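Subject: Handing over the structure

Hi there,

Here is the structure I promised to pass along. Please have a look at it first, and then read my notes on what turned up.

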Amino acid sequence: MSDALVRMPTTWTAEAHAGAGGRTWLYDFAWRGPAGATHGIDVPFVFGLPETRYAARFLGSPPPAGFAALPERIRTAWTLFAATGDPGWPRYEPGLSRVART
């Protein structure tokens with residue numbers, strides 16, 4: 001259901017934006033929590049908050065051991081994108097499978 005409601009409309013928007021000449025980036029956050037790789041699972045990583053009720057819902061409690069290594073990388077990419085318009089990985093190009101995987 002996540003693909004139908006979130007992933008595919010996002011991909012179609014990226015395809016249209018890139019196809020019209022826009023600078024376009026996507027990322028596919030494929031971390032598998034207790035409920036799978038669900039929409040919104042990246043939020044605890046973006047904000048570096050593994051101990052909230054929201055995080056526990058997606059990551060379990062206590063958070064998995066691998067959690068600590070990823071938030072800094074994600075925040076760096078998001079901050080870089082906000083400051084420069086480029087997150088530090090190749091742009092999305094329709095027809096190519098160039099989506100940053102985290």
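A term you will need right away: a residue counts as buried under 20% relative accessible area, as exposed over 50%, and as partly exposed in between. With a relative accessible area of 49%, E72 is therefore partly exposed. Please keep in mind that this is a predicted model.

**Salt bridges**

E72 belongs to one of the two salt bridges in the structure. Its partner is R75, and the closest N and O atoms of the two are 3.5 Å apart. Both residues sit in helix α4, and because they are three residues apart there, about one helical turn separates them. R75 is partly exposed too, at a relative accessible area of 30%.

In the other bridge D28 meets R7, with 3.9 Å between the closest N and O atoms. This pair links distant parts of the chain, since D28 is in strand β1 and R7 in helix α1, 21 residues apart. R7 has 41% relative accessibility, so it counts as partly exposed.

**Helix α4**

Back to the helix that holds E72 and R75. α4 has 14 residues and reaches 20 Å from its first C-alpha to its last, close to the 20 Å expected at 1.5 Å a residue. P71, I74 and A77 are buried in α4. Where do the buried residues fall when you look down the axis of α4? They lie within an arc of 135°, so they line one face of the helix. On the other side of α4 you will find R73, T79 and A83 exposed. The cover over the buried residues of α4 includes α2.

After α4 comes G85, with a positive phi near 85°. Ahead of α4, in the loop between α3 (53-59) and α4, is P62. A cis peptide bond joins S61 to P62, with omega at about 0°. For context, most residues other than glycine have a negative phi, and most peptide bonds are trans.

**Aromatic pairs**

There are seven aromatic pairs in the structure. In one of them, the ring centres of W25 and F81 are 5.8 Å apart and the planes are at 75°, so the pair is edge-to-face. The two residues are 56 apart in the chain: W25 is in the loop between α1 (2-19) and β1 (27-28), while F81 is in helix α4 (residues 71-84). W25 counts as buried because its relative accessibility is 16%, whereas F81, at 41%, counts as partly exposed.

F29 and F45 make another pair, with centres 5.0 Å apart and planes at 55°, so this one is tilted. F29 lies in the loop between β1 and α2 (43-47) and F45 in helix α2, so the pair ties together parts that are 16 residues apart in sequence. Both F29 and F45 are buried. Together with W31 and F67, they form one aromatic cluster.

**The nonpolar core**

That cluster leads to the largest nonpolar core, which has eleven residues: F29, W31, I41, F45, V46, A55, F58, L59, F67, L70 and I74. Which helices each supply at least two residues of this core? They are α2 and α3. The largest share, three residues, comes from α3.

Happy browsing, and best wishes!

Note on methods
Residues are numbered from 1 along each chain as its sequence is written. This is a predicted model: local features need pLDDT of at least 70, side-chain atom pairs count only at pLDDT 80 or more; totals for chains, interfaces and linings use all residues. Side-chain values use heavy atoms; hydrogens and water are left out. Rings of Phe, Tyr and Trp (its six-membered ring) pair if their centres lie within 6.5 Å; planes under 30 degrees apart count as stacked, over 60 as edge-to-face and the rest as tilted. Helices (H or I, at least four residues) and strands (E, at least two) are DSSP runs, numbered from the N terminus. Buried means under 20% relative accessible area, exposed over 50%, partly exposed in between (1.4 Å probe, protein chains only). The expected span of a helix is 1.5 Å times one less than its number of residues. The arc is that of the directions from the helix axis to the C-beta atoms. Contact means heavy atoms within 4.5 Å. A nonpolar core is a set of buried Ala, Val, Leu, Ile, Met, Phe, Trp, Tyr and Cys residues joined through side-chain atoms within 4.5 Å. A salt bridge is a side-chain nitrogen of Lys or Arg within 4 Å of a carboxyl oxygen of Asp or Glu.
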